[in-house]
Amino acid sequence: MKFRPLVVANWKMNPTSLKEAALLGKSLSKLSLSFKKANLVIAPPTIYLSAVKPSKKVFLGAQNVFWDKSGAYTGEISPVQLSERGVSYVIVGHSERRALGEDDFLVNKKARAILAEGMTPIICIGELEHDSQGKYLAFLSNQIKSSLKGMSKSDITKIILAYEPIWAIGKDAKSAMEANDLHETVLYIQKVLSELYGRAVAHSIPILYGGSVKEENAESLMREGAIAGFLVGGASLSVKTFVPIVKAVDSFRS
Ligand code: PGA
């Protein structure tokens, strides 16, 4: 199955002014005009959603959402509100949110709420530790099954999985996952998905990699990893560090 390659910029809780967010959003939109294949999802902090103008190649993303449509939930943002603002992709279950108490049950509930509003959930999974006995594989299998619980085959064809090993997040390129290890893990994830939904459906689900993706490792991870693109944190905060990653994805020939 071939996918249009995708790069997701997860700005996390950055930058600290609307002015900087707008500048970065504008520069990335301008650069996207030269992309041949790659699509870009920019997920700024919700307060800066207006800093990113969606276009043919640039889509608006959110970093989190609540599971209900409206009501007495102080401080939360509903999927209806995101959709109404032009958001088409929502990251859910990022390890930094899981560390704040979000579990698979909640991730599943949120992912289904995102689908119900016609947006695409980018469901993050990933182990804390890559142990040599392979215990992390059972962990991943469990996380996938619980996060996707109750989803129909039709739902499942509308999701994106982001494999983000926690141990590889927020470091330098040398500390990221090796391309051949990534390939093995992606094959394992596809095996778990095949058991749940059959081979054809499993192979129609785009799998992104996230965790210290930089200019130095983007090309090899893309070439050997059997992935559809990247979820990028730190390197997505400047044009200088982000554009080479997008270019590596854009020029990748599968
Ligand atoms: P990183 O973050 O690229 O800074 O490692 C990735 C992520 O947390 O999504």
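1. A polar contact is a pair of N or O atoms within 3.5 Å. The model discussed here is predicted. In this model, an oxygen atom of the ligand and a backbone N or O atom of Gly 233 lie 2.9 Å apart. That distance falls within 3.5 Å, so the pair meets the cut-off for a polar contact.

2. Two further contacts to the ligand involve the backbone. Gly 170 has a backbone N or O atom 2.7 Å from an oxygen atom of the ligand. For Ser 212, a polar backbone atom is 2.7 Å from an oxygen atom of the ligand.

3. Which residues are around the ligand? The list includes Gly 170, Ser 212 and Gly 233, already named above. Also around the ligand are Asn 10, Lys 12, His 94, Glu 164, Ile 169, Gly 211, Leu 231, Val 232 and Gly 234.

4. Lys 12 appears again among the salt bridges. Its side chain meets the side chain of Glu 96 in a salt bridge, at 2.8 Å from N to O. This pair links distant parts of the chain, 84 residues apart: Glu 96 belongs to helix H3, while Lys 12 sits in the loop between strand E1 (6-10) and helix H1 (18-32). Side chains of opposite charge can pair when their charged atoms come close.

5. Are Glu 96 and Lys 12 buried or exposed? Glu 96 has 38% relative accessibility and so counts as partly exposed. Lys 12, at 21% relative accessibility, also counts as partly exposed. Buried means under 20%, so Lys 12 at 21% does not count as buried.

6. A second salt bridge joins the side chains of Glu 102 and Lys 110, at 2.9 Å from N to O. Glu 102 has a relative accessible area of 7% and is therefore buried. Lys 110 is buried because its relative accessible area is 4%. Both residues also belong to a network of salt bridges that links them with Arg 97.

7. A third salt bridge is formed by the side chains of Arg 223 and Glu 224, with 3.4 Å from N to O. Arg 223 counts as partly exposed, at 47% relative accessibility. Glu 224 is partly exposed too, with a relative accessible area of 33%. How many salt bridges does the structure hold? The total is eight.

8. Helix H4 covers residues 104-116 and contains Asn 108. Asn 108 counts as buried because its relative accessibility is 6%. A polar atom of the Asn 108 side chain lies 2.8 Å from the backbone oxygen of Ser 147.

9. How many cavities of 30 Å³ or more are there? The count is one. The largest cavity holds about 50 Å³ of space. Its lining consists of Gly 93, His 94, Ser 95, Arg 98, Cys 124, Ile 125, Gly 126, Gln 143, Glu 164 and Ile 166.

10. Helix H3 (95-98) and strand E5 (120-125) each give at least two residues to the lining of the largest cavity. Sorted by class, this lining has five polar, three nonpolar and two charged residues. Two names link this point to the ligand: His 94 and Glu 164 are in the cavity lining, and His 94 and Glu 164 are also among the residues around the ligand. Helix H3 likewise links this point to the salt bridges, since Glu 96 of the Glu 96 and Lys 12 pair lies in helix H3.

Note on methods: Residues are numbered from 1 along each chain as its sequence is written. This is a predicted model: local features need pLDDT of at least 70, side-chain atom pairs count only at pLDDT 80 or more; totals for chains, interfaces and linings use all residues. Side-chain values use heavy atoms; hydrogens and water are left out. On a 1 Å grid over the protein atoms alone, a cavity is a set of points where a 1.4 Å probe fits but cannot get out, and a pocket is an open set with protein on both sides within 12 Å along at least five of seven lines; lining residues have an atom within 4 Å of a point. Grid points are joined across faces, edges and corners, and a volume is the space filled by probe spheres set on the points. Helices (H or I, at least four residues) and strands (E, at least two) are DSSP runs, numbered from the N terminus. Ala, Val, Leu, Ile, Met, Phe, Trp, Tyr, Cys and Pro count as nonpolar, Asp, Glu, Lys and Arg as charged, and the others, Gly among them, as polar. A salt bridge is a side-chain nitrogen of Lys or Arg within 4 Å of a carboxyl oxygen of Asp or Glu. Buried means under 20% relative accessible area, exposed over 50%, partly exposed in between (1.4 Å probe, protein chains only). A residue is near a molecule or strand if one of its heavy atoms lies within 4 Å of it. A polar contact is a pair of N or O atoms within 3.5 Å; within protein, one must be able to donate a hydrogen and the other to accept it, and residues adjacent in sequence count only if both atoms are side-chain atoms.
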